[in-house]
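Biologist: I am new to this structure and would like a close look at a single part of it, taken slowly. Please walk me through the contacts between oppositely charged side chains, and then through the surroundings that help me place them.

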Amino acid sequence: MQTAKILVQKPEIGLSEDNKAKLQSLEIYKDKKHFQFSNGWVDLAYELGKNIEEVCKLANCELPKIEAMYNKYNTLRVDYHFVSSVPKIVETLIDSLIYVTEDKSMMICEYCGANDEIETTEKNNHYINACEKCFNRKNRV
């Protein structure tokens with residue numbers, strides 16, 4: 001019996017150099033080399049980073065280490081951990097900030113950042129969160 005391989009087209013993911021520099025201007029992202037999402041979510045990621053930095057500053061604790069920032073099931077996901085222990089309330093606040101960012105990302109085009117008439121579409125086993133303009137441009141034959 002012969003088996004067939006299914007090829008899955010990887011989505012276009014990547015940030016412009018300007019957007020990488022914008023994110024890396026924040027202390028929390030300073031050493032982060034890879035961001036696995038598109039340019040449309042940069043402002044969300046920047047806002048999240050600023051808010052986390054503010055929480056840590058107010059609580060007088062270290063910044064968490066951001067392990068990964070990526071697109072999963074049409075939302076911006078963030079994995080992080082603290083190197084040393086911090087008050088539980090700080091972790092709870094950061095988790096809340098991340099959940100709000102995830103929710104917002106579902107309503108923002110991952111390619112251009114537009115936030116009107118966003119549709120989620122599944123293509124080649126990948127969920128795309130895009131405005132009509134970007135969706136049509138990405139799917140032109």
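Modeller: What follows starts with the whole chain, turns to the salt bridges one by one, and ends with the hairpin and a charged patch.

Please keep in mind throughout that this is a predicted model. The protein has 141 residues, of which 35% count as buried, and its secondary structure comes to 4 helices and 4 strands. If you follow the sequence from its start, these elements come in the pattern α-α-β-β-α-β-β-α.

Now to the part you asked about. Side chains of opposite charge can pair when their charged atoms come close. A search of the whole structure turns up 3 salt bridges, and each can be described by where its two partners sit.

One of them lies within a helix: the side chains of K20 and E17 meet with N and O 3.5 Å apart. Because K20 and E17 are 3 residues apart in helix α1, which covers residues 17–24, about one helical turn separates them. The two partners differ in how they are covered, since E17 is exposed at 58% relative accessibility, while K20 is partly exposed, with a relative accessible area of 25%.

Another salt bridge joins D43 to K22, with a distance of 2.6 Å from N to O. Here D43 belongs to helix α2 and K22 to helix α1, so the pair ties together parts that are 21 residues apart in sequence. K22 counts as partly exposed, at 29% relative accessibility.

The remaining salt bridge is formed by K104 and E47, whose closest N and O atoms are 3.2 Å apart. This pair links distant parts of the chain, as K104 is in helix α3 and E47 is in helix α2, 57 residues apart. Both ends are partly exposed: K104 has a relative accessible area of 30%, and E47 has a relative accessibility of 36%.

Moving on along the chain from helix α2, which spans residues 42–59, one enters the loop that leads to β1, and N60 is found there. The phi of N60 is near 55 degrees, a positive value in a residue other than glycine. That deserves a remark, because most residues other than glycine have a negative phi. N60 is also exposed, with a relative accessible area of 71%.

After this loop comes a pair of strands, β1 (residues 65–72) and β2 (residues 75–81), which run antiparallel and are joined by 7 bridges. Together they form a hairpin with 2 residues between them, and K72 stands opposite T75 in β2. In the turn, Y73 has a positive phi of about 50 degrees. N74, which is found in the loop between β1 and β2, likewise has a positive phi, near 65 degrees. Yet N74 is buried, with a relative accessible area of 10%, whereas N60 is exposed.

Finally, charged side chains also appear in a surface patch, a negative one formed by D116, E117, E119 and E132. Of these, D116 is placed in the loop between α3 (88–105) and β3 (119–123), and at 48% relative accessibility it counts as partly exposed.

Key
Residues are numbered from 1 along each chain as its sequence is written. This is a predicted model: local features need pLDDT of at least 70, side-chain atom pairs count only at pLDDT 80 or more; totals for chains, interfaces and linings use all residues. Side-chain values use heavy atoms; hydrogens and water are left out. Two strands pair if DSSP finds at least two bridges between them. Patches are made of residues with over 30% relative accessible area and no salt bridge: like charges are joined within 9 Å, nonpolar side chains (Val, Leu, Ile, Met, Phe, Trp, Tyr) within 5 Å. Accessible areas come from the Shrake-Rupley method with a 1.4 Å probe; for residues, only the protein chains shown count as cover. A salt bridge is a side-chain nitrogen of Lys or Arg within 4 Å of a carboxyl oxygen of Asp or Glu. Lys and Arg count as positive and Asp and Glu as negative; His and the chain ends are not counted. The place of a charge is taken as NZ of Lys, CZ of Arg, CG of Asp or CD of Glu. Buried means under 20% relative accessible area, exposed over 50%, partly exposed in between (1.4 Å probe, protein chains only).
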